[in-house]
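Colleague: Please take a close look at the internal cavities of this model. I would like one connected account of what lines them.

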Amino acid sequence: MALWRTGGGAMALLPRLRTPMGQVILVGAVCFCCPGMFSALTGMGGGGQVDPHAANRALTALYAAFAIFGLLGGGFNNILGPRITVLVGSVFYALYVASFLRYNHSHDERLVVLAGGLLGFGAGLLWAGQGSILMSYPPERDKGLYISIFWSVFNMGGVVGGLIPFFLNFSRDRSSSHSVNDTTYIAFIVVMLCGSILSLKLVQPDQVAREDGTQVISALHTDVATECWEILKLFRDPRMLAFVPACIASNFFYTYQFNNVNGLLFDVRTRGLNNVVYWSAQMLGSVLAGRLLDKSSPSSRSRAHLGILLVAAASTLIWAAAFVNQTNYSRHRLPHGVPLDFTDGFQFLGPFVLYSCFGLLDAMFQTLCYWVMGEMSGEVQTLSRYGGFYKGLQSAGAAVAWQLDASEMALMPQLCLNWILMSLSFPLLWIMVRDFKDERHHRKEDEEHLFLLDSSSTNSED
């Protein structure tokens, strides 16, 4: 927490930005401004539009491109470094929102779909840089803490992003406040551009030193051919193959939650309010999961098992509640009183609490996934490839989910598909972490070996 100590003014703060905590908070701030605002807009259902068709097509293009460039993103990050990778990736978020601003007047889907595909490329880069920082910079004993801090800063973007449409659309007539106004989109664009500027303060891994004096370990050299080969090798790793259902499940549920719970059941201003609580619940979920994964047991394998059991229990309860809620409506048969407003009392309360719990579960599940990946290696480039694998398959699943919704798949099968995917992840994660006790020992040996290589290279250059 040295980032927050005072005593040297603004100049004293700059060196502390080069600490693991400083870089994690900084990349969290970038994600607050860019993916956080994107999440808030997407969480309103249909990108804030009355008809979600254009947004569904754009998101299908986005996640199809994201699936490719998410997988390759680790290679880009290892060659370019996190600063350039995150900077280039971040600029496409503002372009995506600008396409909806134009759509408000032209209703031309082509630009929205094109912007979605370009954002898929950008998001693949940004999240690859984020993943390498989040998994490799923190000290071993506090990895869950750092993940939860990032997740809280990032999801504060969703909270602020939810307040923007809530207040800017608050006074509009309930019967007409379906598509968000131009001011809402402009506010999102301005915040996203601020995130691109913040990314300029990120540094290379070899410029980051932990407070205990140890360096962030990075391999000496990589190139395009090496990265392509190492990425392909991930698909032969039994642990990564066991990780596939969790990767796919981790964003698959957004389509159902955003479009078919928040988007179908609530008016625009209440959707914004719901997202404030949804993303706030994510902060709580990440802190709970991070604390458990760091402190519950001296053994990393025991902590992994406890984390899997906790998240599996939460998943079962929340998806069971969603199943009960879904029996009350379908895509073409909505309950009386819909769209609901936050002033509607008890009728509003049930779906609102369910939607908030979705946010809690999302953060717990993804914190667990990031922690598991972080325990598998201590080397920046390896973890960057793991992060790319995770985001690539995650996005492939999301592309399928958005396309299923665009084709008007019935809501109950959508819900059941989400529940099955997440439930399948837990026994495979259990198998995946069975060697964690030995893995930590090997990880330390790998770090010592790379440190010796790095020292030898430095001496030879001298």
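**The cavities and their linings**

Modeller: The largest cavity is lined by 22 residues, and those nearest its centre are Ser39, Tyr63, Trp127, Asn251 and Tyr254. Seen by element, two or more lining residues each come from α3 (35-43), α4 (53-80), α6 (109-136), α7 (143-168), α10 (238-265), α13 (346-375) and α14 (380-406). The largest share belongs to α3, which supplies four residues. Bear in mind that this is a predicted model.

Now the volume. The largest cavity has a volume of about 270 Å³. Its lining has 16 nonpolar residues, five polar ones and one charged. Here Tyr and Trp count as nonpolar. Ser39 and Asn251, both among the residues nearest the centre, fall in the polar class.

How many cavities of 30 Å³ or more does the structure hold? There are two. The second largest has a volume of about 40 Å³. Its lining consists of Phe252, Thr255, Tyr256, Ala401, Leu404, Gln414 and Asn418. Three elements give two or more residues each to this lining: α10, α14 and α15 (411-432). The most comes from α10, with three residues. By class, the lining of the second largest cavity splits into four nonpolar and three polar residues, with no charged residue.

Put the two linings side by side. For the largest cavity, α10 and α14 are among the elements that give two or more residues. For the second largest cavity, α10 and α14 are again on the list. The leading contributor is α3 for the largest cavity and α10 for the second largest. One charged residue lines the largest cavity; the second largest has no charged residue in its lining.

One more check, on the cysteines. The structure holds zero disulfides. Why is Cys33 not bonded to Cys194? The sulfur of Cys194 is the closest cysteine sulfur to that of Cys33, but the two are 6.0 Å apart, so they are too far for a bond. The cut-off for a disulfide is a pair of sulfur atoms within 2.5 Å. Seen from Cys194, the nearest cysteine sulfur is that of Cys33, and Cys194 is in no disulfide.

Are these two cysteines buried or exposed? Cys33 has 6% relative accessibility, so Cys33 counts as buried. The limit for buried is under 20%. Cys194 has 39% relative accessibility and therefore counts as partly exposed.

Methods. Residues numbered from 1 in each chain as written. Predicted model: local features only at pLDDT ≥ 70, side-chain atom pairs only at ≥ 80, totals over all residues. Heavy atoms only, no water. 1 Å grid on protein atoms, 1.4 Å probe; cavity = no way out; pocket = protein on both sides within 12 Å on 5 of 7 lines; lining within 4 Å. Points joined across faces, edges and corners; volume = space filled by probe spheres on them. Buried < 20%, exposed > 50% of the residue type's maximum accessible area, 1.4 Å probe, protein only.
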